[in-house]
Amino acid sequence: MTEKEERFLQRLLATFKVEASEHLQSMLTLLPELEQGPDAAAEATLIETLFREAHSLKGAARAVNQREIEMVCHDMEQLLSSLKYGEITVSPEIFETLYQALDRLQPLLVGTPAPAAPTTAPVATNPVPAGVVAGGSAVAAPASSASGPVAEATRAVPAEPVASETVRISTAKLTALLNQAEELHALKFGAAYVASEIAELSRGFAGWRKEWGKAGKALRGSRRGRARDLAAQVDGLLETFEQGDARLRLLDERLQRIHRSAEQERRSMAGMIDGLLDDMKQALMLPFSSLLELFPKLVRDLSRDSGKPVELVIDGAAIEIDRRILEQMKDPLIHLLRNAIDHGIEKAEQRSQHGKPAQGRVSITILPQDGNQIEIAVADDGGGIRHDRIREVAARSGLLREGEVSDDEALQALVFESGFSTSPILTDISGRGLGLAIVREKVEKLGGRIKVESQQGQGTCFRIVLPATLATFRGVLVSIGDRQFVLPSVNVERVARVARHTVSTVENRDTIPIDGQIVGLVWLADVLGLVRPRSDDDAPLQVVVLGNALRRIAFVVDAVLADQEVLVKPLGPQLQRLRNIAAATVLGAGKLVPILNVPDLLLSAIRVAPAGGAVQASAPEHQQRSLLVADDSVTSRSLFKNILETAGYRVTTAVDGLDALTTLRVGQFDLVVSDVEMPRMDGFELATQIRRDSKLKALPVVLVTALDSREDREHGINVGADAYIVKGSFDQGNLLEVVRRLL
Amino acid sequence: MTASTPKRIDWTAVRERMAAAEATLRETLEPSSQAHQQVLQQRARQMAQVPASDAAGETLEVLQFVLAHEHYALASRFVDEVYPLRELTQLPGAPRFVLGIVNVRGRIVSVIDIKRFFDLPERGVSDLNKVIILRDGSMEFGVLADVIEGVNLLRMSEIQPPLPTLTGIRAEYLHGVTAQRLIVLDAQKLIRDPAMVINETVES
Amino acid sequence: MVDDSPSALELLVYLLNGDPELQVIGTASNGEEAVKAARRLKPDVITMDIHMPLVDGFAATRSIMEECPTRIVMVTASVVPREVSATFKALEAGALTVIGRPLGLGHPDFDTSMRELLQTIKLLSEVSVVRRWSHARNHPPLESALASGRQIRLVAIGASTGGPLVLRDVLSQLPATFTLPIVIVQHIAAGFAAGFAEWLGQSSGFPVRLAEHGAPILGRCAYLAPDGVHMEVTAGGQVRLTSGPAEHGLRPSVACLFRSVAQAYGGNAVGVLLTGMGKDGAQELKLMRNAGAVTIAQDEESCVVFGMPGEAVKLEAAHFVLAPDDIAATLRRLGTQP
């Protein structure tokens, strides 16, 4: 296959996966309907549709050369064709065959090899149509071979059908979204207006500065002049001053105007964006049925595997919920169903003994609740959760103290504690370690809650209440030096400023009092492995108290900047899970800021060696020195900064020569490290300018460059650089040595 | 029924007849059919000019770049785009070869330093200005480079197996080296390498 | 291109667009869309699946042939005889032919399968859309042909592209008093013979069977050659199926059949060569004529492709060149006991 064909095949396979899963889902929905035994007309339509689905899937499979799938579909097609033409009629054996075929299709679609399907399985599908077509009477033989594979011991939960990466959405919803998006268009003009006004303003300032400069020059000149012209000069000066004043007023007014416009734009934008987001969320709402359509088959399988006849009743499947929440609920609901059938429903004989119908009943009921919430109730009419067993296990695992009496409700709540997930009372899907504790964690993570109600001998009901849409994420923006991080608001208990003297040491760890309680204290910089930025020894500490259910710790940061809504973005597929960092968000101007993982931080904080806290370890003497690093490469810049900061210097950065020069003039620096190749003003020019500047001329300059020729080195010396380091042979220690020597 | 073979019809004969008919037509009809034919022929010629990928041995289209004075190449099939590096957000605590994350039109892409990933000796510092975003299926990340040289079509025959000591990179990650000392990395291997995926937890 | 499976459609579009002489100008995923698109775009060729939601292939073909006729090719993957039969019904509505789905990318025979598909479509696109069956006009002077007093005992028919409908027309015009056996070789895609036989029988009302090796050739029955084997007749009036090498790439071939008829029945047979591409059977029709049989070629006007019969005409292999109705009339006269 050529490369072009390979690429096309990949694209085609993607289309195929989506299409195939749709066909499969459709068949999985239609088969149970057909089984219900509808009237003749409905039956005919169902059979026709089923046939078409199998036929289309076969054609699709052929196109991507998936021969196994094609063959399975072929068998189904034949069977369905016979049904269509009335050569055979529906029977349990037929359904069995068809379900088996679907079972074989699911793993094929996911791409994994079919589960331990015994070799009799293919035989089961082929002879059955033949035998059945022959008149439908010889059902004994096909039936036994059909049920053969079923009797096999472990029947895995049907492999997950291919998660569809597309959604269906009503055109009405889509149109509404499009309209809103179009309205956002208008914001562009507002923003453009503000931008142009500011540009205008900036030009005004530039003009003014020019004149100011001229006046300054004249003034300096006149200082050297004769006293006789003094009055005239003062007049001239006064005029310049008044002009300047008028100008200032004009510019000020302009600024006010722009400010008002910008404020207005911001308000409209906020309104439009919120509206659009709400509608988008609505668009992402899916009816529960899209998840629940898997379940009838699951219950059939579980029922058969456990040998207990069980029927599944679903109510309220049309209710819609945020798709993301729905996706998260799949595993928990499957787990609860398993639980109900494995442990809840008793065996048929037992049930008859208790006067219950032989067939067990499991129900899933969905109800909307106040406050944009939805309740899912998974109930069974089995034996209920036995309190004595709960007590037993609880006592054994220390959750309940000996002899402690708890009411029924408290007991039932215990089943959610981890410790129960491995008990024989409740099902654990082996290999996944999924227990009710994890179900609860998932539910709570989505902003919901779960509880269980049970009556001995009558049944059990798990009630899950979920929000209908995912709430937006709020975070607290903090800074450490010039780095920023976001802490999830949900975990931020308190923000406070504490005086350093309130820090005390308890068992070799720093603590501070917060609201009358002693809370552990650590520096966030330490926890993250960053250099603690300089600060005055007696300035108060800015702390953020983070907590989860287990513990709370106060973290020292440089500043708390804001508390705002943030859009959570995942870190990308390569970084599946990073220590301490959960995700990232984009702030204004596209700046990326990491969102920290609080549970990780809390654990990491414990492991951080007590640094003797509030008192800084005695720093090297050059801690007072300020350095400027100029380089247009972001990586080089941060590299030099890291090296120098770790060595204890205070570092500011500049992105090119001009930026560096301006910063040097405005601030106070002890040394400059500069690249040579930079836009606007290169390193040589910068050095030259520095030497010319009266304030800066004594400043040590270290040039770090890729240029290695003799001429370049000489040039460096000529412009007055104190050191010339070549990047190609750069060595960290070398730089530090040079810097130390020059200071 | 015996196995069926696909039907073979004598297309050559048919074509002869049709060509004959065509010739007759052309003599008697206007240029319209002629022009039509010409267009078809021209199109066929254009199609024929596209370099056949299996002419003599296979070829590999690569993106060439410079990193720390070495020349490397990656199969362009896995290169999603090249992005100039402006702002890099560092991730404290991440492995050394993960330099940080960048924002590519709203999507977050992690950026790695190949030299550090392969534990190559770091000689000097270089201006890593470009991010080559690699993608294979759902895995995506960026690789920093100093200079992008461009796209080139290599013949597989030019790529020799590497001498172990020459590049310092383990052979499994390389397609090989060319005579011009271009180190051809196996992009797919790199992208799918489990060592590339970071999955850490904090021990309690 | 019309198909309700997006994947199959995508593959077909990719294959056809890969050929510089073909361009896909539209797609549809059900019969209703197909009719609308055909009306709007006026394509040269339409490929269509028969099983589609809303309006199926048959109904869509009919609508299109009524409003904006063009060349329609039915593409199907089904080889269940009933379903194939249903697909052939589309021929009655005006579709040109039925072909099987191409194999998928990655299949070892993909290239061959693709080339065949493209060639078929290209050649079919040259076929004239409007075919008129000319009505019975000339009654051929049969007396002279029968002068030598021979007795006709068998009819042998060979056909390719466009054959199915002609066969149906001819067979449907043979009355209950028609006593001759008919042996037929119809070039058809692998796997379709059984379904085709079923459809032909149903739609013509004439008994049609898939030939079985060794079966006696009985009167008032048409025996269709199964795909993948050559069909011959023995002097003893039996069917012989052989898996000899393909002739001119064809198996079953008309040539093989006609040759065996000439040998076994000599002048006591009728040979009919119907529409189809290529030359299969033309030379052998001449053999039959030389052996004394009555030979007929379908006339150019009514042929979908005047390949085989045209060659026969060139070789002067046919006594008569007739339209389907006339062929039926001739057979009636030759084969009906009063």
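Trainee: What share of the 204 residues in chain B is buried, and what makes a residue buried?

Mentor: In chain B, 27% of the 204 residues are buried. Each of those has 20 or more other C-beta atoms within 10 Å of its own (12 or fewer would make it exposed, anything in between partly exposed, with C-beta atoms placed from the backbone). This is a predicted model, in which local features need pLDDT of at least 70, side-chain atom pairs count only at pLDDT 80 or more, and totals for chains, interfaces and linings use all residues. Residues are numbered from 1 along each chain as its sequence is written, while chains are lettered from A and ligands numbered from 1 in the order in which they are written.

Trainee: How many helices and strands does chain B have, and what makes a run a helix or a strand?

Mentor: Chain B has 5 helices and 11 strands. They are DSSP runs numbered from the N terminus: H or I over at least four residues for a helix, E over at least two for a strand. By that rule chain C has 12 helices and 12 strands, and 56% of its 338 residues are buried.

Trainee: How do you know which residues of chain A and chain B are in contact?

Mentor: Their C-beta atoms, placed from the backbone, lie within 7 Å. On that basis 37 residues of chain A are in contact with 38 residues of chain B. On the chain A side, the largest share, 5 residues, comes from α19(A).

Trainee: Why is β17(A) said to pair with β11 of chain B?

Mentor: Pairing takes at least two bridges found by DSSP between two strands. β17(A) and β11 (residues 198-199) of chain B are joined by 2 bridges and run parallel, so they meet the condition. Within this pair A:Arg577 stands opposite B:Asn199.

Trainee: Why is the set around C:Ile184 and C:Val261 called a nonpolar core?

Mentor: The term covers buried Ala, Val, Leu, Ile, Met, Phe, Trp, Tyr and Cys residues joined through C-beta atoms within 7 Å. The largest such core has 138 residues, and C:Ile184 and C:Val261 touch the most other members. Helix α9 (residues 254-265) of chain C gives the most to this core, 9 residues. Leaving out residues up to four places away in sequence, C:Ile184 touches C:Ile157, C:Leu167, C:Ala222, C:Tyr223, C:Leu224 and C:Ala225.

Trainee: What makes β11 of chain C mostly covered?

Mentor: Of the 5 residues in β11(C), residues 294-298, 5 are buried. C:Val294, C:Ile296 and C:Gln298 point one way, C:Thr295 and C:Ala297 the other. In a regular strand the side chains alternate between the two faces of the sheet.

Trainee: Which strands pair with β11(C)?

Mentor: β10 (residues 269-273) of chain C pairs with β11(C) in the parallel sense over 4 bridges. β12 (residues 320-322) of chain C does so over 3 bridges, also in the parallel sense. C:Ala297 of β11(C) stands opposite C:Leu273 and has C:Val321 as its bridge partner in β12(C).

Trainee: Why is the unit of β10(C), α10 and β11(C) called right-handed?

Mentor: With the strands pointing away from the viewer, a right-handed path from the first strand over the helix to the second runs clockwise. β10(C), helix α10 (residues 282-290) of chain C and β11(C) make a right-handed β-α-β unit, so their path runs clockwise in that view. β11(C), helix α11 (residues 308-314) of chain C and β12(C) make another right-handed β-α-β unit.

Definitions and conventions:
Two residues are in contact if their C-beta atoms, placed from the backbone, lie within 7 Å.
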